[in-house]
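Subject: Structure for you to look at

Dear colleague,

I am handing over the structure below. My notes on its sheet and its aromatic residues follow.

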Amino acid sequence: MPGQAKAVKSGQDLQRTVEQLAVALGLGARTNVNCGRRIWGPKRRIDVVINDGKGQRLGVECKYQATQGTAEEKILATLQDIAHWPIPGIVVIDGEGFSEDMVGYLISTGKVILFEDLEDWLRLYFGL
């Protein structure tokens with residue numbers, strides 16, 4: 001399966017790997033796409049916008065956390081932000097630093113996906 005063997009080491013690496021996975025699946029992908037402003041004012045950029053070339057699009061925010069930290073806490077604000085995008089969106093997470101309880105909660109929202117599950121998710125979403 002495309003993308004499953006790649007080791008991710010940073011947020012930027014995760015973004016690049018998500019883009020490469022989309023392309024390997026025959027989808028289009030653009031990174032750092034401008035999308036209005038965040039809830040609190042700064043310009044919004046979507047990490048990766050994936051499209052099927054037929055009008056269906058999906059915004060993907062990429063969050064990587066190698067060690068315990070605050071990235072998992074920031075995802076809650078990101079989920080609120082995604083609700084205001086003009087296209088559907090999800091958050092893809094990867095890294096050993098996310099706590100097990102937080103991962104369980106985030107996945108339960110239906111808007112957060114582990115990178116290891118992304119390929120199957122994209123296949124379902126885009127009907128591949």
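Strands β3 (residues 57-64) and β4 run parallel and are joined by six bridges. Please keep in mind that this is a predicted model. Within the β3-β4 pairing, G59 has G89 of β4 as its bridge partner, and V60 stands opposite I90, also in β4.

On to the other neighbour of β4. Strand β5 (residues 112-114) pairs with β4 over three bridges, again in the parallel sense. One of the bridge partners here is I113 of β5, which goes with V92. The connection runs through a helix: β4, helix α3 (residues 100-108) and β5 make up a β-α-β unit, and that unit is right-handed. As for burial, β4 (residues 89-94) is mostly covered, with five of its six residues buried.

The sheet as a whole is open and has five strands, in the order β1-β2-β3-β4-β5, with mixed pairing. Its edges are β1 (28-37) and β5; each has a single partner strand, so one side of each lacks a neighbour in the sheet. On average, neighbouring strands are turned by 40° against each other, direction ignored. Helix α4 packs on this sheet and touches β2 (43-51), β3, β4 and β5, and the direction of α4 makes about 120° with that of β5.

Now the aromatic residues. How many aromatic pairs does a search of the whole structure find? There are two. In one of them, W121 and Y125 are stacked, at 5.3 Å centre to centre and with 10° between the planes. Both residues belong to helix α4 (residues 115-126) and sit four residues apart, about one turn of the helix. The other pair is edge-to-face: Y125 and F126 lie 4.8 Å apart, centre to centre, with 85° between their planes. Ring pairs thus link W121, Y125 and F126 into a cluster.

Which of these three are buried, and which partly exposed? F126 has a relative accessibility of 8%, which is under the 20% limit, so F126 counts as buried. W121, at 26%, is partly exposed, and so is Y125, with a relative accessible area of 23%. Both of those values fall between the 20% and 50% limits, which is why neither W121 nor Y125 counts as buried or as exposed.

Regards

Technical notes. Residues are numbered from 1 along each chain as its sequence is written. This is a predicted model: local features need pLDDT of at least 70, side-chain atom pairs count only at pLDDT 80 or more; totals for chains, interfaces and linings use all residues. Side-chain values use heavy atoms; hydrogens and water are left out. Rings of Phe, Tyr and Trp (its six-membered ring) pair if their centres lie within 6.5 Å; planes under 30 degrees apart count as stacked, over 60 as edge-to-face and the rest as tilted. Helices (H or I, at least four residues) and strands (E, at least two) are DSSP runs, numbered from the N terminus. Buried means under 20% relative accessible area, exposed over 50%, partly exposed in between (1.4 Å probe, protein chains only). Two strands pair if DSSP finds at least two bridges between them. A crossover is right-handed if, with the strands pointing away from the viewer, the path from the first strand over the helix to the second runs clockwise. Axes are lines fitted to C-alpha atoms, for helices over the stretch in contact, and angles run from 0 to 180 degrees between N-to-C directions. Contact means heavy atoms within 4.5 Å.
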